[in-house]
Amino acid sequence: MKQKNNVEVLIGGNTYTISGYESADYLQRIATYINTKIDEVCSGSGRLMNQTSRNALIQLTIADELFKQKELYEELLKEKEETDKILFELKHELAATKARLDAKKGK
């Protein structure tokens, strides 16, 4: 069983202890990602908002990215399934062609 990691991270100027079964490096990368989103929002019109509105905008930005990634994943999964189907049909066709060739050669 994996060991749970507790990692201190700095998010938005505040220190938090986050826990997870992922590596400490991974948990730090999450904090860095959130800080990047905070910086993006605060560099635009977000700096003029109150903290509650700014946090909501950050959450919406992250949720938007998540939904777009899920949508892309679903599209890629469908494309893979279609490619797998075509590959299966081509392998079947190749085997059938090889069998016909072998039969003509007298094997």
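**Buried charges and the nonpolar core**

Arg 54 sits in helix 2 (residues 51-105); helices here are DSSP runs of H or I with at least four residues, and strands are runs of E with at least two, both numbered from the N terminus. The model is predicted, so local features need pLDDT of at least 70 and side-chain atom pairs count only at pLDDT 80 or more, while totals for chains, interfaces and linings use all residues. Residues are numbered from 1 along each chain as its sequence is written, and side-chain values use heavy atoms, without hydrogens and water.

**Arg 54**
- Arg 54 is buried (under 20% relative accessible area, 1.4 Å probe, protein chains only).
- Arg 54 has no salt bridge (a side-chain nitrogen of Lys or Arg within 4 Å of a carboxyl oxygen of Asp or Glu).
- The nearest side chain of opposite charge to Arg 54 is Asp 39, 9.6 Å away; Lys and Arg count as positive, Asp and Glu as negative, and His and the chain ends are not counted.
- The Arg 54 side chain reaches the backbone oxygen of Met 49 at 2.9 Å.

**Lys 37**
- Lys 37 belongs to helix 1 and is buried, with a relative accessible area of 6%.
- Not counting residues up to four places away in sequence, Lys 37 touches Ile 58, Thr 61, Ile 62 and Glu 65 (heavy atoms within 4.5 Å).

**Nonpolar core**
- The largest nonpolar core (buried Ala, Val, Leu, Ile, Met, Phe, Trp, Tyr and Cys residues joined through side-chain atoms within 4.5 Å) has eight residues, including Val 9 and Ile 58.
- Strand 1 (5-11) and helix 1 (24-43) are the elements that give two or more residues to this core, and helix 1 gives the most, with four.

Terms used:
Buried means under 20% relative accessible area, exposed over 50%, partly exposed in between (1.4 Å probe, protein chains only). A polar contact is a pair of N or O atoms within 3.5 Å; within protein, one must be able to donate a hydrogen and the other to accept it, and residues adjacent in sequence count only if both atoms are side-chain atoms.
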